Amino acid sequence: MNISIRKAVKSDMSRVRELIVELAVFEKEPNAVNVTVNDLESYGFGDQPKFTCFVAEGDLEIVGVALVYERFSTWEGPVLHLEDLIVQQTNRGMGIGTALLDRVVTYGDELGVNRISWEVLDWNELAIKFYESKGANVKRDWDVVQLNEKGIKDYIAKL
């Protein structure tokens, strides 16, 4: 399969969402995706997009996605955060993940960031080995902390 990586366009967001759902199923969170196609279209495009998305296309179908956004680290300065790198399960092992990660790293360099960061589930040893083989430092002693929408509302209610 011949793969090309390009910046996503608004009309790609339906397929991007399908791959997000596929990833959620793989990560054992099949009902966790609340983002809609409309959300992806409105937040990803326009005057101040909240993310940049790259897609991997093979045989005229999107088979992979890398979604990133800029943030700031008090230790490092500008950072690019890789929210998700997704390759359709039936197309894994073909170099698509590498091609997407290559594009993300190149994009981060173009932006002049000082770090690119992302999370990986501790049980996803194939992904961990993949990232380590690319030179990434997997910090196993850090825990991810989050407040979801309900947690935010509950927190504010206690103020």
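User: What does helix H1 lie across in this model?

Analyst: Helix H1, residues 13–26, crosses over strands E2 (52–58), E3 and E4, and runs at about 85° to E3. Keep in mind that this is a predicted model.

User: Okay, and how do you know that E3 and E4 are paired strands?

Analyst: You need at least two bridges between two strands to call them a pair. Strand E3 (residues 61–73) and strand E4 (residues 77–87) are joined by 10 bridges, so they pair by that rule. They run antiparallel. For one bridge, take Arg71, whose partner in E4 is Val79.

User: What is the order of the strands in the sheet?

Analyst: The order is E1-E2-E3-E4-E5, an open sheet of 5 strands with mixed pairing.

User: Why do E1 and E5 stand at the edges?

Analyst: Strand E1 (3–7) and strand E5 (115–117) each have a single partner strand, so one side of each has no neighbour in the sheet. From one strand to the next, the twist averages 25°.

User: Now Ile96. Why is this residue called buried?

Analyst: The cut-off for buried is under 20% relative accessible area. Ile96 comes out at 1%, so it counts as buried.

User: Where does Ile96 lie, and which residues does it touch?

Analyst: Ile96 is part of helix H3, residues 96–111. Leaving aside residues up to four places away in sequence, Ile96 touches Ile3, Ala56, Val63, Val87 and Asn91.

User: How far apart are the C-alpha atoms of Ile96 and Ile5?

Analyst: They are separated by 8.9 Å, while Ile96 and Ile5 are 91 residues apart along the chain.

Terms used: Residues are numbered from 1 along each chain as its sequence is written. This is a predicted model: local features need pLDDT of at least 70, side-chain atom pairs count only at pLDDT 80 or more; totals for chains, interfaces and linings use all residues. Side-chain values use heavy atoms; hydrogens and water are left out. Helices (H or I, at least four residues) and strands (E, at least two) are DSSP runs, numbered from the N terminus. Axes are lines fitted to C-alpha atoms, for helices over the stretch in contact, and angles run from 0 to 180 degrees between N-to-C directions. Contact means heavy atoms within 4.5 Å. Buried means under 20% relative accessible area, exposed over 50%, partly exposed in between (1.4 Å probe, protein chains only).
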